[in-house]
Amino acid sequence: MKILVPVKRVIDYNVKVRVKADGSGVDLANVKMSMNPFDEIAVEQAIRLKEAGKAEEVVVVSIGVKQAQDTLRTALAMGADRAILVEAADDVHQDIEPLAVAKILKAVIADEGPSLVIAGKQAIDNDMNATGQMLAALLGWSQATFASALEVEGDSATVTREVDGGLQTIKVKMPAIVTVDLRLNEPRYASLPNIMKAKKKPLDEKTAADYGVDVTPRLTVIKTTEPETRKAGIKVASVEELITKLKDEAGVI
């Protein structure tokens, strides 16, 4: 079995995001970029399935700017076998929309023929949570979203999903799309020897045009603003004063 894992280059989750002064978007100048944390979990799970003898090959693919090579090399250093970079933008500020990503992934899947696609449930930069579902619809494949546990046996996968009411366990027939949640696993750190080995692993470069996909944005960002600064709290002298403020000032009781 071959597993395909899409990965995205995003602002590192430890970095405080800054909005441009003109409100046109997020400032990416001299900002540390890394692999989307949900995608990192997806890569880890694919590697674990290979180590367990459930898969023969793990292929990672990234769609975006040329700098995403670094993200793919990280996945290769973790243990992926091959990588594919699809250059779909020259400007790092251009975010490829989920439908275009899904169409490109569909074309990549047609070439690669994986039995399972494991993806992060969403990217932390746009929080769309749409690519996996769109890809399953385009392919007509089974899908399981928000996975906190994943087991593969034969031609089916058993997935435990995190839902509002708790956990839901389902079984899907492969080929399938599985999107993963935070509690699925703890991704490994790439060791220095593996980082060096990753430089020699195959990394193919394609373009969106090679797959006949138009990535022209359909959405226009009108304005980007930072969240309002949280007001400082106050101390109250008694329960009675607290109730009065909740009732008269906050209006919650």
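I take a residue as buried when its relative accessible area is under 20%. The model is predicted, and on that cut-off I find 43% of the 253 residues of the chain buried.

**Overall.** I looked up the extent of the chain next. Along the principal axes, the C-alpha atoms fill a box of roughly 65 × 45 × 40 Å. The accessible surface comes to about 14200 Å², and carbon and sulfur atoms hold 51% of that. I counted contacts with a separation of 6 or more and noted that 72% of them link residues 24 or more positions apart. The secondary structure is six helices and eleven strands.

**Sheet.** I traced nine strands in an open sheet with mixed pairing, in the order E9-E8-E7-E10-E6-E1-E4-E5-E11. Strand E9 (166–173) and strand E11 (203–207) each have a single partner strand, so each edge strand has one side without a neighbour in the sheet. From one strand to the next, the twist averages 30°. I then checked one pair within the sheet: E6 (residues 116–120) and E10 (residues 176–180) run parallel and are joined by five bridges. For Ala119, I find Thr179 as the bridge partner in E10.

**Cores.** I went on to the nonpolar cores. The largest has 39 residues, and Ile3, Val5, Val43, Leu116, Ile118 and Leu150 have the most contacts inside it. Helix H1 (residues 37–51) supplies the largest share of this core, six residues. There is a second, separate core of 27 residues, with Ile63, Ala102, Leu105 and Ala208 among them.

I picked Ile118 for a list of contacts. Leaving aside neighbours within four places in sequence, Ile118 touches Ile3, Leu4, Val5 and Pro6. Its list also includes Ala42, Gln45, Ala46 and Leu49, together with Leu150, Val178 and Val180.

**Helix H4.** I ended with this helix. H4 (residues 131–139) lies across E6, strand E7 (142–153) and E10, at about 175° to E10. I noted Gly132, Leu135 and Ala136 as the buried residues of H4. They lie on the same side of H4, because the arc they cover around the axis is only 100°. Their cover includes helix H3 (98–112) as well as E6, E7 and E10. Gly140 follows H4, and I read its phi as positive, near 75°.

Terms used: Residues are numbered from 1 along each chain as its sequence is written. This is a predicted model: local features need pLDDT of at least 70, side-chain atom pairs count only at pLDDT 80 or more; totals for chains, interfaces and linings use all residues. Side-chain values use heavy atoms; hydrogens and water are left out. A nonpolar core is a set of buried Ala, Val, Leu, Ile, Met, Phe, Trp, Tyr and Cys residues joined through side-chain atoms within 4.5 Å. Buried means under 20% relative accessible area, exposed over 50%, partly exposed in between (1.4 Å probe, protein chains only). Helices (H or I, at least four residues) and strands (E, at least two) are DSSP runs, numbered from the N terminus. Contact means heavy atoms within 4.5 Å. Two strands pair if DSSP finds at least two bridges between them. Axes are lines fitted to C-alpha atoms, for helices over the stretch in contact, and angles run from 0 to 180 degrees between N-to-C directions. Accessible areas come from the Shrake-Rupley method with a 1.4 Å probe; for residues, only the protein chains shown count as cover. The arc is that of the directions from the helix axis to the C-beta atoms.
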